[in-house]
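Colleague: I should like to learn how to read the contacts in a structure of this kind. Please take me through them in order.

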Amino acid sequence: MSEIDVCVVGMGYIGLPTSVVLANAGWRVHGVDINEKAVELLSNGVATFEEPGISAALKSSVVSGNLSVATVPKESKVYIIAVPTPIDANFEPDTSYIRSAVESVALLAKADDLFILESTSPVGTTEMIRDILHDLRPDLSNAVMYFAHCPERVIPGRMMKEIISNDRVVGGIDGNSAEKAANLYRSFCEGEIHLTDARTAELTKLTENSFRDVNIAFANELSIVADHLGVNVWEVIELANKHPRVQILQPGPGVGGHCIAVDPWFLVASAPMKTSLIRSARRVNDSKPRFVVDKIAKYLRETNRESVALLGLAFKANVDDLRESPAVNIAVELAEQFPNVRLSIVEPFVDELPRALQDFDNVHLVDLQVAFDNEQLIVLLVDHDIFKLIPKSTLEAKDLVDTRGMWKELDI
Ligand code: SAJ
């Protein structure tokens, strides 16, 4: 009998919180990651990214002995796959990490085991996992085994709360797979568990993030129209949302992160001729950073100024995650386009500039106070709470570009 109940492959943004809540619910969990540095930190109870509540929960799971972390997997009854599913240069889904994850545990698999895919994936991936396993282990082809998709739904910044409270969709390749997987999630999830088949669960997850992307694209396009017409978009949205059936999201500098900016492409790739709206929304959101750069460039040209402060680099408010961040793209674009313009960047969530900005002589990471002492143009790229504390009188003395609507009435 294996001494482990659940082996989680991939200890990143989803694998880590999932392992921790399972371990704290009493399961013996073994987490696996190829990143040796991460394994060392996690084994010592140190979280690899900032997220409210994760440090304490990780420490208690390690101290109780219910969570172990290593670079090699252990035989288990349940395998959870929580690895990245990026898109390639042609916007096609890259499921190679999932394949590697299955390969890494194939030799340990046995009859009655349950494989759960948490990673957001193209429709058909859960069945693909079953097929890969059977290819690698023909001896298990006739064994009873279970395969299910339980897509993660947590939002960075509220992960540890949402992982418990959100409803979950659990899709099995057959009814028994769904039921078996649901039982595991019932041990920690207080939301409702909705059972379905694997393909429906895969499409449901892609639908959720594409819905959000399309709606943000609407807000972003509206902001470009309003700018063209010289109307304050934030006021328009506030007023339109007074209608009982209108709920417009917030425009921003673009859509970042590893989910909403990526997952809609999985739908486009699966039905290229039938997804013009979803594709178009992606394009609108991807074009928004360029709109912001052009606005700043126009200001610099018209005022002959040679410096600008950029507030925020994260992909959204109050997180330290810079992945696919439109703010980083805007900074890189400005640094390249204006080598003689000084960029004073304020990002309280990081200690050093990201790799993409380190080689520019004109880019500096500075304190908020230094930025306000030295720069006249202040560009708000991320609505971190800390920026809300800047006094109105300080802002009134500056020229502002507010991509997030934090200073609605003061924007240039
Ligand atoms: N954004 C806007 N305007 C808005 C809302 C968001 O510009 O009104 C931008 C944010 O600034 C950010 C991006 O969109 O750059 C995405 O942020 P987000 O907070 O909407 O979502 P994520 O990517 O952090 O998490 C999403 C969530 N999905 C949905 O809300 C449908 C989360 O529940 C998923 O678990 C996660 O994707 C995921 O991992 O798939």
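**Ligand and domain contacts**

Modeller: A polar side-chain atom of Arg 404 is placed 2.7 Å from an oxygen atom of the ligand, where a polar contact is a pair of N or O atoms within 3.5 Å. The model is predicted, with local features requiring pLDDT of at least 70 and side-chain atom pairs pLDDT 80 or more, whereas totals for chains, interfaces and linings use all residues. Numbering runs from 1 along each chain as its sequence is written, and side-chain values use heavy atoms, without hydrogens and water.

Colleague: How much of the ligand's accessible area does the protein cover?

Modeller: The protein covers 88% of the 770 Å² that the ligand has on its own (Shrake-Rupley method, 1.4 Å probe).

Colleague: Which residues come nearest to the ligand?

Modeller: Of 21 residues around the ligand (a heavy atom within 4 Å), the nearest are Glu 152, Arg 153, Lys 205, Asn 209 and Gln 250. A polar backbone atom of Arg 153 lies 2.7 Å from a ligand oxygen; for Asn 209, a side-chain N or O atom lies 2.7 Å from a ligand oxygen.

Colleague: How should one read the interface of the domains?

Modeller: Interface size is often given as the accessible area lost when the parts come together. Here domain 1 (6-191) and domain 2 (238-410), whose bounds come from an automatic or database assignment, bury about 1,200 Å² between them, 66% of it on carbon and sulfur atoms (1.4 Å probe, summed over both parts).

Colleague: How many residues are in contact?

Modeller: In domain 1, 15 residues contact 13 residues of domain 2 (heavy atoms within 4.5 Å).

Notes:
Buried area = accessible area lost by both parts, 1.4 Å probe. Polar contact = N/O pair within 3.5 Å; in protein donor to acceptor, adjacent residues only side chain to side chain.
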